[in-house]
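Q: I have a new model open and would like to go through it with you before I set anything up. Let's begin with the helix geometry.

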Amino acid sequence: NDTRSNAIGFSFKMSHPTLYNTVKNSRFLYGLLKPVASFYANIAGYRQLGLRYDDILNDESDTTKEALKRISPKEQDLRTYRIRTAFQLSLQHDILPKEKWTKPEDVDEIVKEEEEREAFDAIKVVRK
């Protein structure tokens, strides 16, 4: 089983085999699959509503409940605002103007933060 952290900082066990590390560590596979992943994220439509991937996770799962308890009040407010805005847009059968869509750069920034957090968590303390 693989342990990963999501964008809001909660580590969880993957219950199924994953190729995440293989793809992440291979330039060829990453270069091949990154455009496919970006295309899928764009057609999924949640970015056009201003949502992040973490905003569309099932709030009733134990993992997500625990993760939501750990985020800062400011991040909780921003998440609530994004969800309410998306709900209103959905009721109106509308999307945000293109300049307000969630940008892939925002997601890349979160991935960099995750990698930094993983590197920090992997530091071993040696006592003398």
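A: Helix 2 bends by about 30 degrees at Leu-33, and a proline, Pro-35, follows within four residues. The bend at a residue is taken as the angle between axes fitted to the seven residues ending there and the seven starting there, while helices (H or I, at least four residues) and strands (E, at least two) are DSSP runs numbered from the N terminus.

Q: And what should I keep in mind about where these values come from?
A: This is a predicted model, in which local features need pLDDT of at least 70 and side-chain atom pairs count only at pLDDT 80 or more, whereas totals for chains, interfaces and linings use all residues. Residues are numbered from 1 along each chain as its sequence is written, and side-chain values use heavy atoms, with hydrogens and water left out.

Q: Back to the bend: which residues does helix 2 cover, and is Leu-33 in it buried or exposed?
A: Helix 2 takes in residues 27–44, Leu-33 among them. Leu-33 falls between your two options, since its relative accessible area of 38% makes it partly exposed; buried means under 20%, exposed over 50%, and partly exposed in between, with a 1.4 Å probe and protein chains only.

Q: How far apart are the end C-alpha atoms of helix 2, against what its length should give?
A: The end C-alpha atoms are 25 Å apart, and the 18 residues of helix 2 should span 26 Å at 1.5 Å a residue, which agrees. The expected span here is 1.5 Å times one less than the number of residues.

Q: What comes right after helix 2?
A: Gly-45 follows helix 2, and its phi is positive, near 90 degrees.

Q: Which residue other than glycine has a positive phi?
A: His-93 is one, with a phi of about 55 degrees. Most residues other than glycine have a negative phi. His-93 sits in the loop between helix 4 (73–91) and helix 5 (104–121), and at 76% relative accessibility it counts as exposed.

Q: Which residues make up the nonpolar surface patch?
A: Phe-28, Leu-32, Leu-33 and Val-36 form it, with about 410 Å² of accessible area together, so the bend residue Leu-33 is also one of the patch members. Patch residues have over 30% relative accessible area and no salt bridge, with like charges joined within 9 Å and nonpolar side chains (Val, Leu, Ile, Met, Phe, Trp, Tyr) within 5 Å. Areas come from the Shrake-Rupley method with a 1.4 Å probe, and for residues only the protein chains shown count as cover.

Q: Switching to electrostatics, how many salt bridges are there?
A: The structure holds six, a salt bridge being a side-chain nitrogen of Lys or Arg within 4 Å of a carboxyl oxygen of Asp or Glu. In one of them the side chains of Glu-75 and Arg-52 meet at 3.2 Å, N to O. Glu-75 lies in helix 4 and Arg-52 in the loop between helix 2 and helix 3, so the pair ties together parts that are 23 residues apart in sequence.

Q: Which partner does Arg-79 have?
A: Arg-79 pairs with Asp-59 at 2.8 Å, N to O. This pair also links distant parts of the chain, with Arg-79 in helix 4 and Asp-59 in the loop between helix 2 and helix 3, 20 residues apart. Arg-79 counts as buried at 10% relative accessibility, whereas Asp-59, at 35%, is partly exposed.

Q: What about Arg-82?
A: Arg-82 forms a salt bridge with Glu-75, the closest N and O atoms being 3.5 Å apart, and both Arg-82 and Glu-75 are buried. Salt bridges that share partners join Arg-52, Asp-55, Asp-59, Glu-75, Arg-79 and Arg-82 into one network.

Q: Where does Leu-49 lie, and what does it touch?
A: Leu-49 lies in the loop between helix 2 and helix 3, and it is buried, with a relative accessible area of 18%. Not counting residues up to four places away in sequence, Leu-49 touches Ala-86, Leu-89, Asp-94, Ile-95 and Leu-96, where contact means heavy atoms within 4.5 Å.

Q: Last one: what is the overall layout of the chain?
A: The protein chain has five helices and two strands, in the order β-β-α-α-α-α-α along the sequence. Buried residues make up 23% of its 128 residues, and among contacts between residues at least 6 apart in sequence, 54% join residues at least 24 apart.
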